[in-house]
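Student: Hi! I would like a close look at one small part of this model, and some help seeing how that part fits into the whole.

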2 protein chains.
Amino acid sequence: MRLAELSERSGVSTATIKYYLREGLLTPGRQINATTAEYEESHLRRLRLVRAMIQVGRIPVATVREVLRHVDDDSLGRTIRLGAALWALPQVAEPDAEDEFIQAAHREVEQLLDTLGWSNARALVTISPAYRSLVVAVATFRRLGYDWNPELIVSYGRLMHQAAVLDLDFVETHPSEAEKVETAVAGAIFVEPVLQALHRLAQKEESARRYGFE
Amino acid sequence: MRLAELSERSGVSTATIKYYLREGLLTPGRQINATTAEYEESHLRRLRLVRAMIQVGRIPVATVREVLRHVDDDSLGRTIRLGAALWALPQVAEPDAEDEFIQAAHREVEQLLDTLGWSNARALVTISPAYRSLVVAVATFRRLGYDWNPELIVSYGRLMHQAAVLDLDFVETHPSEAEKVETAVAGAIFVEPVLQALHRLAQKEESARRYGFE
């Protein structure tokens, strides 16, 4: 397809597409003559993905380029490629290792992962941003004097594991490796706001069922 | 307890406590003499809650005051009091009602709520910020040309309903109505980052189980 059709089908203006081409977020089309290039379905898919990262995920252009470099590197294993976008999403700052609440939270989260049997996630504890977020959340909670209910968090963990199984089952319905990886990246951006909205609606629903509408 | 002990037990400086008192986020202690006031356990609980909203939820002071007004108004029904904090969390902008993707997303989300049997949430559709977030997420997804898999979203909805049941069961373990409401507000702030971190860790775990570690 030509640039105009690519723009039409993606809803992205030709000026923006040219910008993405210049920034290396989209590979050039096949040059037909000096002024015309031909684009494939894979360009359309990539364009949607770039748009999702920038517009919905609010990921900076330089980081998008970094994520795509991982997405496109088929020398990497699938686990790393599927997780590429997660590393680019906004992260919490490195927790202060000297802080007593942080130290206690490390122990509690490691215990949690053991209880859940997440031995792979357990092996990533020192580098995973998600692990770091969890430690910071737990430490903050404890610092404010709230109780940590280990059973409740284990139950949340089991639910989130079911969600992750759904995520990956859906990723696997896509035929090519490229589409699998792209779906995982788009999913990382879209699934979280959807789960959050569903959770809030479910709280309203459950609360109204138990206590009535007011 | 005296101000010094309140500060010690909450980890919040006396200067900050005095600021919260001036701003009406904390009710005054019982005055013992001209310079000394006596504070109760309820002050400590309230202080933790205010701290959680401001420091973790990044909710502006004026909004915290608004949330607390709902929390403290026992003429309101429990559903409204429990949900008070949700309304104060950052919200998406009002979607454009004329937009064709927004209109289609409204229909899809209403269909989803019917399938889930969330008739109470369904009745709130015009005013709920969570409903609005979901409509915007779906419309954005569709606008970018991604497929919407209704069965997948229904499955996510059922998981989030299980999470909401856990949330409310935990809220109900607290003895007094005031503590129930306070726990729901603190929960609204803490549960989402914890679920998000657990979800990301679960994705890593599941991915490593299926495809190995790299």
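Leaving aside its neighbours within four places in sequence, which residues is Thr140(B) in contact with?

Tutor: Happy to help! Please keep in mind that this is a predicted model. Once the neighbours within four places in sequence are left aside, Thr140(B) is in contact with Val56(A) and Phe190(A). Both of these partners carry the letter A, while Thr140(B) belongs to chain B.

Let us place the residue first. Thr140(B) sits in helix 9 of chain B, an element that covers residues 129-143. Is Thr140(B) buried or exposed? Its relative accessible area is 16%, and buried means under 20%, so Thr140(B) counts as buried. Within its own chain, we can also compare it with Glu100(B): the two are 40 residues apart along the chain, and their C-alpha atoms are separated by 11 Å.

Now step back to see how the two chains are arranged. Chain B is superposed on chain A by a rotation of 180°, with 0.0 Å of shift along the axis and an RMSD of 0.1 Å. Why does that matter for our picture? Because this is the relation of a two-fold axis. In chain B, the C-alpha nearest that axis belongs to Leu159(B), at 3.1 Å from it. The interface fits this picture too: 100% of the interface residues of chain B are also interface residues in chain A, so the copies meet through the same surface.

Finally, here is a portrait of chain A, which supplies the two partners of Thr140(B). Chain A has 11 helices and 2 strands. Reading from the N terminus, two helices come before the two strands, and the remaining elements are helices. Its C-alpha trace spans about 70 × 45 × 30 Å along the principal axes. The radius of gyration is 21 Å, whereas a compact globule of 214 residues would have one near 17 Å. Buried residues account for 52% of the 214 residues in chain A. If we take contacts between residues at least 6 apart in sequence, 61% of them join residues at least 24 apart. As for the surface, chain A exposes about 9900 Å², and carbon and sulfur atoms supply 51% of that area. Chain A also has 25 positive and 30 negative charges, whose mean positions are 5 Å apart.

So, to come back to your residue: Thr140(B) is a buried residue of helix 9 in chain B, in contact with Val56(A) and Phe190(A).

Key:
Residues are numbered from 1 along each chain as its sequence is written. Chains are lettered from A and ligands numbered from 1 in the order in which they are written. This is a predicted model: local features need pLDDT of at least 70, side-chain atom pairs count only at pLDDT 80 or more; totals for chains, interfaces and linings use all residues. Side-chain values use heavy atoms; hydrogens and water are left out. Helices (H or I, at least four residues) and strands (E, at least two) are DSSP runs, numbered from the N terminus. The radius of gyration is taken over C-alpha atoms; the globule rule is 2.2 Å times the number of residues to the power 0.38. Buried means under 20% relative accessible area, exposed over 50%, partly exposed in between (1.4 Å probe, protein chains only). Contact means heavy atoms within 4.5 Å. Accessible areas come from the Shrake-Rupley method with a 1.4 Å probe; for residues, only the protein chains shown count as cover. Lys and Arg count as positive and Asp and Glu as negative; His and the chain ends are not counted. The place of a charge is taken as NZ of Lys, CZ of Arg, CG of Asp or CD of Glu. Copies are superposed by least squares on the C-alpha atoms of residues with pLDDT of at least 70 in both.
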